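Trainee: Please take me through the charged pairs in this model, up close. I want to know where the partners sit and what surrounds them.

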Amino acid sequence: MATIIRNKLTIIPNAYSQQDYEKQINDVVGFCSGLEDDKKKHMCFTKISPEPITLENETKEKDDWLLNNWGTRFKALNACWITDCEMIFDTFWNPAIPIFIKIAKKFPNIRFNFKFASKRIGLKAGDINAANGKIIYFKKYNNYSKEAYETAFNLMPHLVMEYTYNSKMGTYEYDTTDFRARLEQDGFYKDSDGSILIACDDKRKPLFDGVDDLPF
């Protein structure tokens with residue numbers, strides 16, 4: 001099974017007015033967005049870093065180019081803006097670090113942050129900052145380190161409920177306590193068909209259907 005990496009791009013405008021702030025964000029959003037497979041995509045690798053037409057499919061040359069220019073052999077998945085300046089998207093196997101670098105170089109007047117972490121919690125996590133079109137901070141965390149777990153929790157906050165911090169080991173451990181039971185204890189409720197409902201006055205307003213559909 002392919003490892004899925006959650007990526008998070010944060011735009012940090014360097015603006016002195018609301019108009020400049022909005023323009024800088026819109027410029028980045030426009031640069032990242034484009035048509036891909038006849039659909040509008042929020043994170044369109046083929047627009048940010050177009051593949052040379054000379055590359056042939058399923059060749060080592062193409063694989064090498066994709067890894068060097070996208071960081072992954074496949075397009076971005078599940079991309080969405082979670083705030084006006086923060087986007088999350090998924091990639092197979094590796095984070096899209098080369099794409100982040102291209103975005104940062106395109107907009108040297110804007111600062112950026114890029115976080116990534118594997119959905120196999122505790123693996124392949126890191127944090128990058130860019131300013132003036134250059135990388136100014138780049139940290140890849142050791143697998144199963146405290147920082148790797150906390151980066152994953154930042155990108156997938158619902159998962160923090162499944163882990164407890166072991167101060168003696170200096171990292172996190174999977175908590176085998178029943179996840180659904182803990183959700184109920186924290187104010188969520190199940191209806192008769194097993195859907196989880198958010199606590200409210202009439203206890204009838206659904207927030208999501210099942211743990212797998214948490215909105216993160």
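**Charged pairs and their surroundings**

Mentor: Start with the whole chain. Take contacts in the protein chain between residues at least 6 apart in sequence: 49% of them join residues at least 24 apart. Contact here means heavy atoms within 4.5 Å. This is a predicted model, where local features need pLDDT of at least 70 and side-chain atom pairs count only at pLDDT 80 or more, while totals for chains, interfaces and linings use all residues. Residues are numbered from 1 along each chain as its sequence is written, and side-chain values use heavy atoms, with hydrogens and water left out.

The secondary structure comes to six helices and 12 strands. These are DSSP runs numbered from the N terminus: helices are H or I with at least four residues, strands are E with at least two. Of the 216 residues in the protein chain, 44% are buried. Buried means under 20% relative accessible area, exposed means over 50%, and partly exposed lies in between, with a 1.4 Å probe and protein chains only. The chain exposes about 12700 Å², and carbon and sulfur atoms supply 49% of that area. The areas come from the Shrake-Rupley method with a 1.4 Å probe; for residues, only the protein chains shown count as cover.

Now the charged pairs. A search of the whole structure finds nine salt bridges. Each is a side-chain nitrogen of Lys or Arg within 4 Å of a carboxyl oxygen of Asp or Glu.

Take Asp90 and Arg6. They form a salt bridge, with the closest N and O atoms 2.6 Å apart. Asp90 lies in strand 5 and Arg6 in strand 1 (residues 4-12), so this pair ties together parts that are 84 residues apart in sequence. Asp90 counts as buried because its relative accessibility is 2%. Arg6 is buried too, with a relative accessible area of 6%. The pair is part of a wider group: Arg6, Asp90 and Lys119 are linked in a network of salt bridges.

Asp90 also has a backbone setting. Strand 4 (residues 77-83) and strand 5 (residues 86-92) pair in the antiparallel sense over four bridges. Pairing requires that DSSP finds at least two bridges between the strands. The two strands form a hairpin with two residues between them. Across that hairpin, Asp90 is the bridge partner of Leu77. As a rule, side chains in a regular strand alternate between the two faces of the sheet.

Lys75 is another neighbour of Asp90. Lys75 sits in the loop between helix 3 and strand 4. At 29% relative accessibility, Lys75 counts as partly exposed. Not counting residues up to four places away in sequence, Lys75 touches Glu36, Asp37, Phe45, Thr46, Trp70 and Asp90. Lys75 and Cys44 are 31 residues apart in sequence, yet 7.5 Å apart in space, C-alpha to C-alpha.

Next, Glu51 and Lys62. This salt bridge has its closest N and O atoms 3.2 Å apart. It links distant parts of the chain: Glu51 is in the loop between helix 2 (45-48) and helix 3 (60-69), and Lys62 is in helix 3, 11 residues apart. Glu51 counts as partly exposed because its relative accessibility is 27%. Lys62 counts as buried, at 14%.

Then Asp127 and Lys115. Their salt bridge has its closest N and O atoms 3.7 Å apart. Asp127 lies in strand 7 (residues 125-131) and Lys115 in strand 6 (residues 111-118), 12 residues apart. Asp127 is buried, with a relative accessible area of 12%. The side chains of Asp127 and Asn113 also share a polar contact of 2.8 Å. A polar contact is a pair of N or O atoms within 3.5 Å; within protein, one must be able to donate a hydrogen and the other to accept it, and residues adjacent in sequence count only if both atoms are side-chain atoms. Leaving aside its neighbours within four places in sequence, Asp127 is in contact with Asn113, Phe114, Lys115, Phe116, Tyr137, Phe138, Lys139 and Tyr141.

In short: Asp90 and Arg6 are buried partners, whereas Glu51 is partly exposed and its partner Lys62 is buried.
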